[in-house]
Amino acid sequence: MALNQVLFFLLFALATSHVATASDPDITSDFILPPNVTAVDSSFFTYTGLRSTVNSAPGASFSVSKAAAAEFPALLGQSVSVAVLKYPAGSVNPPHTHPRSAELLFLVQGYLEVGFVDTSNKLYTQSLQPGDVFVFPKGLIHYQYCNSGSAAVAVSAFGSANAGTVSVPKSVFATGVDDGVLAKSFKTDVATIQKLKAGLAN
């Protein structure tokens, strides 16, 4: 199945499904117009920004291309967004969370190891192959790892026009939290914390 067909299928499925508890507020109109816009045509409801992603191979490092509210204003109020994730062999999408949405990942090409940690600190992992779908529950820390010798491509759908992403390594080690606090929290020394911070700076 071509990647553009997969994207269409996922967008259609999300757009037509009933969501009982959405993260985005309900709207009282069919759609929301951006400020200073009074009329739109069908091009407003079309996003072409993923064309180059669909027609290119994964690069040297993990990459994500999004169609969320920031890139595609027609999604405002619609409680949906999508992302194309490309993993070169051996790459990782580091542990992160989406505070406003669950993530439904559909593996199109290659193989991935995926996992998430629940609120009782239990780790759930799975090895995925093309055609598999995996859900990461809303707000839980999760990751994807391309542990095979070939690249992988996945499409993720979200139940929010702005799911948000909080990177665990960056939020812990690259936001200015005091080295002493981190050393005590991780039961290590300041020198180790500084090495971790230096590694993230590169």
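This passage describes the annotated binding-site residues and the neighbouring strands of a predicted model.

In the unreviewed UniProt entry, the annotation "binding site" covers Asn-93, His-98 and Glu-103. The lining of the second largest pocket includes Asn-93, His-98 and Glu-103.

Asn-93 belongs to strand S3, which spans residues 92-97. With a relative accessible area of 10%, Asn-93 falls under the 20% cut-off and is therefore classed as buried. Beyond residues up to four places away in sequence, Asn-93 touches Phe-62, Leu-85, Tyr-87, Tyr-143 and Gln-144. One of these residues, Gln-144, also takes part in a polar contact of 2.8 Å between its side chain and that of Asn-93.

His-98 is placed in the loop between S3 and strand S4 (103-109). The relative accessible area of His-98 is 6%, and this residue is buried. When neighbours within four places in sequence are set aside, the contacts of His-98 comprise Glu-103, Lys-138, Gly-139, His-142, Phe-158, Ala-163, Gly-164 and Thr-165. Glu-103, one of the contacts of His-98, is itself covered by the "binding site" annotation in the UniProt entry. The side chains of His-98 and His-142 are joined by a polar contact of 3.4 Å.

Val-92 is likewise located in strand S3. Val-92 has a relative accessible area of 39% and is partly exposed, whereas Asn-93 is buried. Outside the four-place sequence window, Val-92 is in contact with Phe-62, Gln-144 and Tyr-145; Phe-62 and Gln-144 are also among the residues touched by Asn-93. Val-92 and Val-114 are separated by 22 residues in sequence, and their C-alpha atoms lie 9.7 Å apart in space.

Leu-85 and Tyr-87, both touched by Asn-93, are part of strand S2. Seven of the seven residues of S2 (residues 81-87) are buried, so this strand is largely enclosed by the rest of the structure. Ser-81, Ala-83, Leu-85 and Tyr-87 point one way from S2, while Val-82, Val-84 and Lys-86 point the other way; all are buried.

S2 is paired with two further strands, S1 and S9. Strand S1 (residues 63-67) pairs with S2 in the antiparallel sense over five bridges, and within this pairing Val-64 stands opposite Leu-85. The pairing of S2 with strand S9 (residues 152-158) is also antiparallel and extends over seven bridges. In S9, Ala-154 is the bridge partner of Leu-85. Leu-85 thus has a partner in S1, Val-64, and a partner in S9, Ala-154, in addition to touching Asn-93.

Definitions and conventions. Residues are numbered from 1 along each chain as its sequence is written. This is a predicted model: local features need pLDDT of at least 70, side-chain atom pairs count only at pLDDT 80 or more; totals for chains, interfaces and linings use all residues. Side-chain values use heavy atoms; hydrogens and water are left out. UniProt positions are given in the numbering used here, feature names are shortened, and annotations may be inferred rather than shown by experiment. On a 1 Å grid over the protein atoms alone, a cavity is a set of points where a 1.4 Å probe fits but cannot get out, and a pocket is an open set with protein on both sides within 12 Å along at least five of seven lines; lining residues have an atom within 4 Å of a point. Helices (H or I, at least four residues) and strands (E, at least two) are DSSP runs, numbered from the N terminus. Buried means under 20% relative accessible area, exposed over 50%, partly exposed in between (1.4 Å probe, protein chains only). Contact means heavy atoms within 4.5 Å. A polar contact is a pair of N or O atoms within 3.5 Å; within protein, one must be able to donate a hydrogen and the other to accept it, and residues adjacent in sequence count only if both atoms are side-chain atoms. Two strands pair if DSSP finds at least two bridges between them.
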